Amino acid sequence: MANARGLHMCGALVMCGLLLVGCTAGENGGDTKAGAAADARTGGASPTASPTFETDPAKQPRTAAQARTLIRKVIAGPELFGQGVVRTTPYESDPSRWALLGDGCAWQSENLPAGVLATLTRHFEVPAGGGKGPVRLSATITVHRTTLDAAWEQAGMVEESFGCQKELLRPGEQLTELSSTVYARGEGHNDYSDESLEETGLCVSDSRGGPYPYKYDQAALGPVVVSTSVCGGRGRAVDELWTLVQRALPRMLLNVKYEIGSPAALGAASPEPETSAGAGTSTPKATSDPEEGA
């Protein structure tokens, strides 16, 4: 579920930490954008990877098996979102597929492209209760072959931002009124990733009703792209929904840093990264679902 929507400024350049992309109009966007990225190679200037002290190339996965092992170590379980969050059924996506925005702003599942070693999305829920409807959540980790490939995914998200303010997730489910912002390292509250993207809008479905508040966050660290999403329910306030996801993404990034971070980065990795919702507290490595281990 992601999308860079609010950047209606074609002709301007978007600096995305690892890349500099020219704005072009296109027709793209997404749901639990489980690593969703259009192929941005057809528009804008080519991304160029820049050195980062955050990750150690020697620790980065080189094979699909290594990437799947890394994902299992760093991806969120229910506890990373907070109390009351449970797994849904199905819990995990097919690791051999990922979501891609196609023609007509409709999401579809495709085989992994050559630049992706592995990806996984987990789905969660806050059950209905207390007169309030259920809340849907997701967490996604995608491991690319190179940092440049991850930059291309981020570029694809920016590329998608200009064409689809309404997206079809699946029959009977839509995202609407989408808008988003991209932050390079050092911009906004982004001091924890090479580049972060935040999208907000509304989610609506034939079965769950709506529209309800929707939020999607995505960030890149070296070859790894991490994302979270939340779709609200009846009676759920925006603050309640945003609290569910405001720390999950930076905590997963902190997990990534512990696994593939450079010695210099690990020396400064103790404090929990800030999010746009405010600074976190100092915490140890935020592990997820021990039984899901490597």
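1. Strands, in this note, are DSSP runs of E with at least two residues, and helices are DSSP runs of H or I with at least four residues; both are numbered from the N terminus. Pro 211 belongs to one such strand, E11 (residues 209-221). The peptide bond that leads into Pro 211 from Gly 210 is cis, with omega near 10°.

2. The model is predicted: local features need pLDDT of at least 70, side-chain atom pairs count only at pLDDT 80 or more, and totals for chains, interfaces and linings use all residues. Residues are numbered from 1 along each chain as its sequence is written, and side-chain values use heavy atoms, with hydrogens and water left out.

3. Overall content. The protein has five helices and 12 strands. Of its 294 residues, 54% are buried, where buried means under 20% relative accessible area, exposed means over 50%, and partly exposed lies in between (1.4 Å probe, protein chains only). The accessible surface is about 11,600 Å², and carbon and sulfur atoms hold 54% of that surface; the areas come from the Shrake-Rupley method with a 1.4 Å probe, and for residues only the protein chains shown count as cover. Among contacts (heavy atoms within 4.5 Å) between residues at least 6 apart in sequence, 71% join residues at least 24 apart.

4. A second cis bond. The peptide bond from Thr 89 to Pro 90 is also cis, with omega near 0°. Pro 90 is part of strand E3.

5. Aromatic pairs. Rings of Phe, Tyr and Trp (its six-membered ring) are taken as a pair if their centres lie within 6.5 Å; planes under 30 degrees apart count as stacked, over 60 as edge-to-face and the rest as tilted. This rule gives two aromatic pairs. In one of them, Phe 81 and Phe 124 have ring centres 5.0 Å apart and planes at 50°, so the pair is tilted. Phe 81 sits in the loop between helix H1 (64-74) and strand E3 (86-92), whereas Phe 124 sits in strand E6 (residues 116-126), so this pair ties together parts that are 43 residues apart in sequence. Both Phe 81 and Phe 124 are buried.

6. The other pair joins Tyr 91 to Phe 124: the ring centres are 5.6 Å apart and the planes are at 75°, so the arrangement is edge-to-face. Because Tyr 91 lies in strand E3 and Phe 124 in strand E6, the pair ties together parts that are 33 residues apart in sequence. Tyr 91 is buried, with a relative accessible area of 11%, and Phe 124 counts as buried at 1%. Phe 81, Tyr 91 and Phe 124 thus make up one aromatic cluster.

7. The loop that holds Phe 81. Pro 78 is placed in the loop between H1 and E3 as well. At 11% relative accessibility, Pro 78 counts as buried. Its C-alpha atom is separated by 9.6 Å from that of Ala 139, although the two residues are 61 residues apart along the chain.

8. Helix H4. This helix covers residues 248-260, 13 residues in total, and reaches 19 Å from its first C-alpha to its last, close to the 18 Å expected at 1.5 Å a residue; the expected span is 1.5 Å times one less than the number of residues. H4 is mostly covered, with 11 of its 13 residues buried. Among the buried residues are Leu 249, Met 252, Leu 253 and Val 256.

9. Val 226 and its contacts. Which residues touch Val 226, leaving aside its neighbours within four places in sequence? They are Thr 140, Ile 141, Asp 217, Gln 218, Ala 219, Leu 249, Met 252, Leu 253 and Val 256. Val 226 itself lies in strand E12 (residues 224-231) and is buried, with a relative accessible area of 0%. Val 143, 83 residues away in sequence, is 8.8 Å from Val 226, C-alpha to C-alpha.

10. Backbone points to inspect. Cys 105 has a positive phi of about 60° although it is not a glycine. Cys 105 is in the loop between strand E4 (97-101) and strand E5 (107-111), and at 9% relative accessibility it counts as buried. Glu 177, another residue other than glycine, has a positive phi near 50°. Glu 177 is found in strand E9 (residues 173-184) and is exposed, with a relative accessible area of 59%.
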